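Got the viewer open? Load the model, show it as a cartoon with the ligand as sticks, and follow along stop by stop.

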Amino acid sequence: MSSVTPTKLIWCDGEFIRWEDATLHVISHVVHYGSSVFEGIRSYETPDGSSVFRLNDHMKRLLDSCRVCRIDLPYGEEELVSACIELLASNDLKEGYIRPLVLRGEGAIGLHPGEASVHTFIICWPWGPYLGADAIERGVDACVSNWFRPGPNTHPSLAKLGGNYVNAQLIKMQATADGYAEGIALAPNGLVSEASGQNIFLVMSGRLVTPPIDGSVLCGLTRDCILTLARDMGIPVAEEAIPRERLYLADEVFLTGTASEVTPVRSIDRITVGGGRVGPITRRLQRRLLHIARGQTTDKYGWLTPVPGLQDANVASDAWWDEVPVPQLGV
Ligand code: PMP
């Protein structure tokens with residue numbers, strides 16, 4: 001369970017307000033019907049200062065989510081990007097998590113949002129790995145959830161819509177109640193979909209596979225990074241349907257997400273994945289991604305946006321991922 005360490009300021013509808021003033025009335029549409037869209041973004045300390053990872057892409061996805069949900073946002077991508085950069089500098093947050101959030105407020109109470117106001121917030125706070133540093137290093141135990149993901153044309157899975165996350169909460173709560181760190185959900189057709197807040201990858205005989213964007217998964221930006229990096233590293237990749245039993249047969253399994261980064265899975269339904277250790281492909285991809293995010297490898301993809309007000313960051317040289325040995329690849 002994660003608690004939030006507040007920062008000083010929140011960006012709200014074009015202004016900076018104090019953390020404690022960012023409140024809502026209980027009659028707000030979002031409170032009743034889950035009518036919000038949001039993003040989760042990370043910033044990292046690099047040797048050249050603080051940088052935000054895939055900032056423009058996250059803001060594009062926020063705008064896409066608004067479009068699907070018929071929310072007219074008075075801000076464009078660049079305004080949101082600038083607001084985010086200014087917010088990080090104002091809060092002096094060199095490394096942390098950023099949550100842009102658009103919600104329907106007061107003005108209507110029926111299902112049709114009608115004249116309900118729309119408010120845009122950007123919140124940031126310090127936040128380590130979602131499932132803990134140990135999870136990233138050693139992996140987590142997961143189960144297959146008996147909650148399915150919503151089918152295509154039910155909830156818009158490609159939109160990061162607040163209401164979608166009731167399903168995610170059920171998956172997560174059931175998994176933790178049963179003693180697992182994460183739940184892997186199936187799509188309504190019984191094929192593997194994604195975890196509660198992460199995309200999933202399997203390594204099978206040196207090939208990397210992940211479910212396609214089929215209307216039941218979020219098109220994760222970390223997923224995109226992993227597909228890009230794997231291709232560049234010469235690892236064969238495929239987006240293909242994954243029957244449940246393949247989870248038990250894979251050599252390696254890992255989850256990807258902005259909050260969870262690259263989290264290895266060491267068992268599923270108490271069946272050990274591969275050799276029970278973090279596999280070589282998982283470790284290589286995990287390390288490559290972190291090295292780019294932390295400015296320790298050239299960012300040839302243009303994934304980093306520097307935060308000009310925070311250029312005096314300093315990266316500890318004893319970061320754990322430099323200590324963990326990287327096994328040799330058999331591909
Ligand atoms: N699936 C779901 C349901 C998620 O909530 C997330 C987190 N945003 C992801 C996948 C991973 O997406 P990303 O890599 O863009 O954070």
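Start by selecting the ligand and everything around it: 15 residues surround the ligand, and the closest include Tyr 165, Glu 194 and Thr 258. A residue belongs here if one of its heavy atoms lies within 4 Å of the ligand. Keep in mind that this is a predicted model, where local features need pLDDT of at least 70 and side-chain atom pairs count only at pLDDT 80 or more, while totals for chains, interfaces and linings use all residues. Residues are numbered from 1 along each chain as its sequence is written, and side-chain values use heavy atoms, with hydrogens and water left out.

Now colour that shell by type. You'll get three nonpolar, nine polar and three charged residues. (Nonpolar covers Ala, Val, Leu, Ile, Met, Phe, Trp, Tyr, Cys and Pro; charged covers Asp, Glu, Lys and Arg; the others, Gly among them, are polar.) Next, highlight α6 (221-232) and β14 (252-257): each supplies at least two residues of the shell. Such helices (H or I, at least four residues) and strands (E, at least two) are DSSP runs, numbered from the N terminus.

Zoom in on the ligand's oxygen atoms. Which atoms of Arg 61, Leu 221 and Thr 222 should you look for? For Arg 61, pick a polar side-chain atom, 2.9 Å from a ligand oxygen. For Leu 221, choose a backbone N or O atom, 2.7 Å from a ligand oxygen. Thr 222 puts a polar side-chain atom 2.5 Å from a ligand oxygen. Switch on a surface, too: the protein covers 95% of the 390 Å² of accessible area that the ligand has on its own (Shrake-Rupley method, 1.4 Å probe).

Next, select Asn 199, in strand β11 (residues 199-204). Is Asn 199 buried or exposed? Asn 199 counts as buried because its relative accessibility is 6%, and buried means under 20%, exposed over 50%, partly exposed in between (1.4 Å probe, protein chains only). A polar atom of its side chain lies 3.3 Å from the backbone nitrogen of Gly 220.

Hop over to Leu 111, in the loop between β6 (96-104) and β7 (118-125). At 66% relative accessibility, Leu 111 counts as exposed. Draw a line between its C-alpha atom and that of Gly 132: it spans 38 Å, with the two residues 21 apart along the chain.

Last stop: Arg 70, in the loop between α2 (55-68) and α3 (77-91). Arg 70 isn't a glycine, yet has a positive phi of about 55°.

Methods: Polar contact = N/O pair within 3.5 Å; in protein donor to acceptor, adjacent residues only side chain to side chain.
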